[in-house]
Amino acid sequence: MTRKNLPMKDERAPDPISAIEWRLATSLKANRYNPNTVFTPEMKLLERSLLRQGWVQPVLILKDGTIIDGFHRTTITLGSDLVKARWGGKVPCAILDVTQAEAMIITIRMNRAKGSHAAVKMSEIVRELIDVHHYDPQEVAIEIGATADEVELLRQDGVFKNKKIDQHPYSKAWYPAETGKKGAAQ
């Protein structure tokens, strides 16, 4: 099956999110192909987000309970007494009727689509939170899972310009996204 002939979702069929099922996290199982790793500080942030904002995105699963996307949210539910108590050990699930191969592709696509954080943009956000919205720097550190030193560094105006990113001898295997130019900093 080539990409050209992958079936598209039937526009008349309801979207999986229209039929969320709350399932016990213990009834779900990890897939064997998830390439994503989340470190402890980010897991704590994920737990904080669940407790503060609630569930804003369901766990995507196959009919048999295999997780396509949402393994770490499920892991938080299994390991956090607060999350477990708040939702009775259950997680909201959207069930996808797809093949194993499609599930693998969806797992990778969902992880890649989540992207990564660019330090320059993070710096702008931190400065706005503190200078415009009057957040305390320590509160910003707690909310974004950073240290006070990291927040202070991100808060400095022009910190990345001062580092002379474009003059750094980077490996030829990659280039700094801040310059947007391949080979600019060789």
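How much of the chain do buried residues make up? In this predicted model, they account for 27% of the 186 residues.

**The overall layout**

The chain's secondary structure comes to eight helices and four strands. Walk along the sequence and you get the pattern β-α-β-β-α-α-β-α-α-α-α-α. As for how the chain folds back on itself, take the contacts with a separation of 6 or more: residues 24 or more positions apart account for 69% of them.

**The nonpolar cores**

The largest nonpolar core has 13 residues. Leu28, Trp55, Val59, Ile61, Val91 and Cys93 are the ones with the most contacts inside it. Several elements chip in: H1, strand E2 (59-61), helix H3 (81-87) and strand E4 (90-95) each supply at least two residues of this core. Apart from it lies another core, this one of eight residues, including Tyr33, Leu62, Leu96 and Ala103.

Ile61 is worth a click in the viewer. Skipping residues up to four places away in sequence, Ile61 touches Arg23, Leu28, Thr66, Ile67, Ile68, Cys93, Ala94, Ile95 and Leu96.

Ile95, one of those partners, lies in strand E4. Is Ile95 buried, partly exposed or exposed? Its relative accessibility is 22%, and buried means under 20%, so Ile95 counts as partly exposed. Leaving aside neighbours within four places in sequence, Ile95 is in contact with Pro16, Glu21, Arg23, Ile61, Leu62 and Lys63. There is also a long-range pairing to look at: Ile95 and Ile17 are 78 residues apart along the chain, yet their C-alpha atoms are separated by 8.2 Å.

**Helix H1 and what follows**

Does the length of H1 come out above, below or in agreement with what its residue count suggests? H1 covers residues 40-53, which is 14 residues, and at 1.5 Å a residue they should span 20 Å. The end C-alpha atoms are 20 Å apart, so the two values agree. Right after H1 comes Gly54, whose phi is positive, near 85°.

**Helices that cross**

Three helix pairs make handy comparisons, and here they are side by side.

| Helix pair | Axis separation | Angle |
|---|---|---|
| H1 and H2 (residues 71-79) | within 10 Å | roughly 75° |
| H6 (residues 137-144) and H7 (residues 148-155) | within 9 Å | roughly 110° |
| H5 and H7 | 8 Å | about 95° |

Start with H1 and H2, whose axes cross at roughly 75°. Angles from 65 to 115 degrees count as roughly perpendicular, so that label fits H1 and H2. On the H1 side the contact is made by Met43, Leu46, Glu47 and Leu50, and on the H2 side by His72, Arg73, Thr75 and Ile76. By class, the residues of this contact divide into four nonpolar, two polar and two charged.

Next come H6 and H7, crossing at roughly 110°. They are therefore roughly perpendicular to each other as well. H6 brings Pro137, Gln138, Val140, Ala141 and Ile144 to the contact, while H7 brings Ala148, Val151 and Arg155. The class split here is six nonpolar, one polar and one charged.

H7 also packs against H5, at an angle of about 95°. So H5 and H7 are roughly perpendicular too. The H5 residues in the contact are Ala119, Met122, Ser123, Val126, Arg127, Ile130 and Asp131, and they meet Val151, Leu154 and Arg155 of H7. Six of the residues in this contact are nonpolar, one is polar and three are charged.

**Two exposed residues**

Which way does the sign of phi go at His134, positive or negative? Most residues other than glycine have a negative phi. His134 is not a glycine, but its phi is positive, at about 60°. This residue is found in the loop between helix H5 (119-131) and H6. His134 has 66% relative accessibility, and because over 50% means exposed, it counts as exposed.

Leu82 sits in helix H3. Its relative accessibility is 58%, so Leu82 counts as exposed. If you want a partner to look for, try Leu51: Leu82 and Leu51 are 31 residues apart in sequence and 7.8 Å apart in space, C-alpha to C-alpha.

How values were computed
Residues numbered from 1 in each chain as written. Predicted model: local features only at pLDDT ≥ 70, side-chain atom pairs only at ≥ 80, totals over all residues. Heavy atoms only, no water. Expected span 1.5 Å × (residues − 1). Core = buried A, V, L, I, M, F, W, Y, C linked by side-chain atoms within 4.5 Å. Buried < 20%, exposed > 50% of the residue type's maximum accessible area, 1.4 Å probe, protein only. Contact = heavy atoms within 4.5 Å. Axes fitted to C-alpha atoms, helices over the stretch in contact; angles between N-to-C directions. Parallel < 35°, antiparallel > 145°, perpendicular 65-115°, else oblique. Nonpolar A, V, L, I, M, F, W, Y, C, P; charged D, E, K, R; others polar.
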